[in-house]
Amino acid sequence: MKNVFALLKENFENLPLIWKLSLYNLKASYANHYLGLLWTILMPAAQVGVFYVVFGLGLRGDRGDVQNVPFLVYLITGIFAFGFISGCVNATSNAISSQINLVTKMKFPSSILLSMSVMNNVISFIIMTLIVLVISLVNGYSEPSHYYWVLVTRYLIRYR
């Protein structure tokens, strides 16, 4: 248990470095693409489109909404959450071996590489969550006061 707290302390002390490296890594990974960071939205959107055609229209047929919420909203929510978890697992499993030169050539905590990989996926997941939030608020699938209370309780917990 002592090692876990040491690891968390090390990551908390290096949080600005993790943030800067993850933003740099995210920009660098899409630098050669024509649409740049827009691909973080387009790739999951294309995946949702294919799954909607196959499962929403093809195999599912005309079954209507699920508890008064369209199937597409459920699909988007599930695909984005699955993409986040799968992206985190894939990125962290390859994080240290892809940056082996950085770890072996200088004194650098390797746990930062794992946190940096997760932070890249968190940034993409926040963008996708905002898209789902806008869709659900515009169409009236969720109550805006729920989000207000989430923000208020976070503020109260943080500044207590």
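# Why these labels? A seven-helix chain

In this predicted model, residues 24 or more positions apart account for 66% of the contacts with a separation of 6 or more in the protein chain.

User: How many helices and strands does the protein chain have, and what pattern does it follow?
Analyst: Seven helices and zero strands. Read along the sequence, the pattern is α-α-α-α-α-α-α.

User: What makes helix 4 roughly antiparallel to helix 6?
Analyst: The packing angle. Helix 4 (residues 71-98) and helix 6 (residues 111-138) pack at about 170 degrees, with axes 8 Å apart. Angles over 145 degrees count as roughly antiparallel. The pair therefore earns that label.

User: Which residues meet where helix 4 packs on helix 6?
Analyst: From helix 4, they include Val 73, Phe 80, Phe 84, Cys 88 and Ala 91. From helix 6, they include Leu 113, Ser 117, Asn 121, Phe 125 and Met 128.

User: What is the make-up of that contact by class?
Analyst: The contact of helix 4 with helix 6 has 17 nonpolar, five polar and no charged residues. Gly counts as polar, and Gly 87 in helix 4 is one of the residues in this contact.

User: Why is Ser 117 called buried?
Analyst: Its relative accessibility is 10%. Buried means under 20%, so Ser 117 qualifies.

User: Where does Ser 117 lie, and what is Ser 117 in contact with beyond its neighbours within four places in sequence?
Analyst: Ser 117 lies in helix 6. Leaving those neighbours aside, Ser 117 is in contact with Ala 91, Thr 92 and Ala 95. Those three are among the helix 4 residues that meet helix 6.

User: Thr 77 is found in helix 4. Why is Thr 77 called partly exposed?
Analyst: Its relative accessible area is 40%. Buried is under 20%, exposed is over 50%, and partly exposed is in between. Thr 77 is therefore partly exposed.

User: How far apart are Thr 77 and Ile 131, in sequence and in space?
Analyst: They are 54 residues apart in sequence. C-alpha to C-alpha, they are 9.8 Å apart.

User: How do you know that helix 1 is close to its expected span?
Analyst: Helix 1 (residues 2-13) has 12 residues. From first C-alpha to last, helix 1 reaches 16 Å. At 1.5 Å a residue, 16 Å is expected.

User: Why does helix 1 count as lying largely in the open?
Analyst: Of its 12 residues, one is buried, so helix 1 lies largely in the open.

User: What are the burial and surface totals for the protein chain?
Analyst: Buried residues make up 22% of the 160 residues. The accessible surface comes to about 11,700 Å², and 67% of that belongs to carbon and sulfur atoms.

Terms used. Residues are numbered from 1 along each chain as its sequence is written. This is a predicted model: local features need pLDDT of at least 70, side-chain atom pairs count only at pLDDT 80 or more; totals for chains, interfaces and linings use all residues. Side-chain values use heavy atoms; hydrogens and water are left out. Axes are lines fitted to C-alpha atoms, for helices over the stretch in contact, and angles run from 0 to 180 degrees between N-to-C directions. Helices (H or I, at least four residues) and strands (E, at least two) are DSSP runs, numbered from the N terminus. Angles under 35 degrees count as roughly parallel, over 145 as roughly antiparallel, 65 to 115 as roughly perpendicular and the rest as oblique. Contact means heavy atoms within 4.5 Å. Buried means under 20% relative accessible area, exposed over 50%, partly exposed in between (1.4 Å probe, protein chains only). Accessible areas come from the Shrake-Rupley method with a 1.4 Å probe; for residues, only the protein chains shown count as cover. The expected span of a helix is 1.5 Å times one less than its number of residues.
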